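This report describes the surroundings of a ligand, then the helices and the nonpolar cores of the protein. The model is shown below.

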Amino acid sequence: ICTKKSFKYVIIGGGVAAGYAAREFVKQGLKPGELAIISKEAVAPYERPALSKAYLLPEGAARLPGFHVCVGSGGEKLLPEWYAEKGIELLLSTEIVKADLHSKILTSETGGMFEFETLIIATGSRVLRLTEFGVQGADAKNIFYLREISDADKLVETIRAKKKGKVVIVGGGYIGLEVGAAMRINKFDVTIVSRDPWCMRQLFTKEIAAFYEGYYANKGVKIIKGTPAVGFDADTNGEVKAVKLKDGRVLQADIVVVGVGAKPLTDLFKGQVDEEKHGILTDGMFETDVPGVYAVGDVATFPMKLYNDMRRVEHVDHARKSAEHAVRAIRASEEGKCIDEYDYVPYFYSRAFNLSWTFYGDNVGDPLLFGDRDPTSRKPKFGAAWIKDGRIVGTFLEGGTDEENKAIARVARAQPSAEHLETLKREGSTLDISM
Ligand code: FAD
């Protein structure tokens with residue numbers, strides 16, 4: 001039997017952006033029955049970054065309902081009951097397999113039909129799998145990826161089963177570094193393998209990476225750089241037992257975790273909306289070229305006012321803020337009003353062991369480093385400023401306080417002349433800056 005439900009607003013995807021959009025709808029005044037969130041995950045929207053951090057810890061691990069949105073930004077926890085109370089229909093474990101933007105109907109894999117007046121696309125990204133690149137043996141058991149809570153649950157189960165075994169992490173980006181730390185805290189023998197010459201190459205300079213690599217080495221994590229994993233061996237049960245590297249080395253492994261990147265989930269909308277930079281093209285209100293259809297979070301390619309170009313951002317802070325902005329724009333347009341265009345300063349962070357860094361702005365131009373980058377220091381603390389055309393366009397801080405992080409965010413927004421590095425020094429007043 002074909003069922004069709006109609007809603008004024010539908011959000012497809014039930015991740016970070018969906019949760020923050022729901023809260024903003026309620027803030028703006030939502031009537032019961034107006035909004036539905038359709039998600040293929042089985043749980044209400046949660047703060048995804050927890051999955052590679054506190055979710056994997058052996059003690060005091062983060063578990064739902066502890067990290068449902070919007071705790072990540074210091075807000076009220078939106079439990080499933082919150083959605084029910086507000087009359088928001090949370091359609092979980094429901095995958096949309098067809099989206100007809102012209103007739104404004106979404107169809108689920110079980111044939112359910114959902115009609116909308118306004119749609120917010122918040123499908124996020126999926127992980128890139130080594131099987132897609134034809135890596136030999138990459139379908140062996142106990143090779144894990146991390147995107148959704150169901151992935152993290154499978155990894156946690158195997159952490160318990162393979163206590164103190166050997167873990168190989170493929171990928172030296174933030175997922176690799178965070179999961180590598182969590183596995184070490186779980187007392188595994190950990191090796192991180194990166195094809196790049198240094199870790200977090202997309203953001204870190206070689207010098208910044210050297211600090212983290214040194215710190216990890218002191219924690220007993222091995223890092224092999226400059227050679228990719230090219231194959232896997234499995235035992236007779238089909239479970240992974242070794243990782244083969246391009247340089248000929250073979251690493252024993254009970255568990256492999258792969259973090260080699262993600263791809264925005266835009267397939268459902270191909271040919272129906274304009275695309276750019278692998279994302280769905282939007283204006284500064286996150287509306288696509290199809291009126292009434294918005295895209296937010298990882299999938300949106302939007303005008304980055306500060307840099308006067310089009311960007312797609314795969315970070316949690318943007319997922320939250322773009323969702324809120326789109327909802328405000330939707331409500332304003334219904335009232336015939338206008339709001340300002342999205343004006344974002346990129347912000348990204350990571351946490352592992354006792355380390356915590358923040359980055360604001362753009363990592364282009366020449367980086368200038370300051371502070372104590374000795375990985376053996378009791379409390380290392382350092383920063384970097386990226387300078388382009390005489391202006392500070394990007395700022396980075398390891399071990400900063402909230403106040404200091406706010407200060408470097410202001411610098412990345414204001415883009416002062418590089419001479420104003422003095423200001424940076426002053427604002428990060430407790431930093432021992434030796435330039
Ligand atoms: P998601 O949060 O990915 O949500 C998308 C949702 O859509 C999912 O629930 C998915 O199941 C659902 N969906 C997709 N297709 C369909 C469909 N066809 N039908 C129904 N539902 C569908 N960023 C940081 O800035 N800092 C960090 O420390 C950090 N750590 C991270 C750690 C991990 C393990 C991961 C995976 C990401 C991390 N990120 C981090 C990135 C950040 O989580 C994402 O940028 C953010 O979640 C994007 O939000 P989103 O709502 O666009 O997509």
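**Ligand surroundings**

In this predicted model, the ligand is surrounded by 35 residues, the closest being Glu41, Lys53, Arg147, Glu148 and Asp298. Backbone N or O atoms also approach oxygen atoms of the ligand: that of Val316 lies at 3.0 Å, that of His315 at 3.3 Å, and that of Ala122 at 3.5 Å. The ligand taken alone exposes 1000 Å², of which the protein buries 98%.

The elements α1, α4, α6 and β22 each give two or more residues to the shell around the ligand. The largest share, 3 residues, comes from α4.

**Helix α4 and its partners**

Helix α4 has 12 residues, and the distance from its first C-alpha to its last is 17 Å, close to the 16 Å expected at 1.5 Å a residue. Its buried residues are Gly176, Leu177, Glu178, Val179, Gly180, Ala181, Ala182 and Met183. The buried residues of α4 pack against α3, β9 (166-170), β10 (189-193), α5 (206-218), β15 and β22 (347-352). Just after this helix, Lys187 takes a positive phi of about 70°.

Helix α3 covers residues 149-161; at 1.5 Å a residue its 13 residues should span 18 Å, and because its end C-alpha atoms are 18 Å apart, the two values agree. In α3, the buried positions are Ile149, Asp151, Ala152, Leu155, Val156, Thr158 and Ile159. An α-helix has 3.6 residues a turn, so residues three or four places apart point the same way. The buried residues of α3 pack against β8 (143-144), α4 (174-185) and β15 (255-258).

**Helix α6**

Helix α6 (residues 316-334) has 19 residues, which at 1.5 Å a residue should span 27 Å; its end C-alpha atoms lie 28 Å apart, in agreement. This helix is mostly covered, with 15 of its 19 residues buried. Gly336, just after α6, takes a positive phi of about 70°.

**Nonpolar cores**

In soluble globular proteins, nonpolar side chains tend to be buried together. The largest nonpolar core here holds 66 residues, of which Ile11, Phe25, Tyr83, Leu106, Leu119 and Ile121 touch the most other members. Helix α1 (residues 16-28) supplies the largest share of this core, 7 residues. Another core, of 50 residues, lies apart from it and includes Tyr212, Phe382, Ala384 and Phe396.

Leaving aside neighbours within four places in sequence, Phe25 is in contact with Tyr9, Ile11, Leu30, Leu35, Ile120, Val327, Ile330 and Arg331.

Conventions
Residues are numbered from 1 along each chain as its sequence is written. This is a predicted model: local features need pLDDT of at least 70, side-chain atom pairs count only at pLDDT 80 or more; totals for chains, interfaces and linings use all residues. Side-chain values use heavy atoms; hydrogens and water are left out. Helices (H or I, at least four residues) and strands (E, at least two) are DSSP runs, numbered from the N terminus. The expected span of a helix is 1.5 Å times one less than its number of residues. Buried means under 20% relative accessible area, exposed over 50%, partly exposed in between (1.4 Å probe, protein chains only). Contact means heavy atoms within 4.5 Å. A nonpolar core is a set of buried Ala, Val, Leu, Ile, Met, Phe, Trp, Tyr and Cys residues joined through side-chain atoms within 4.5 Å. A residue is near a molecule or strand if one of its heavy atoms lies within 4 Å of it. A polar contact is a pair of N or O atoms within 3.5 Å; within protein, one must be able to donate a hydrogen and the other to accept it, and residues adjacent in sequence count only if both atoms are side-chain atoms. Accessible areas come from the Shrake-Rupley method with a 1.4 Å probe; for residues, only the protein chains shown count as cover.
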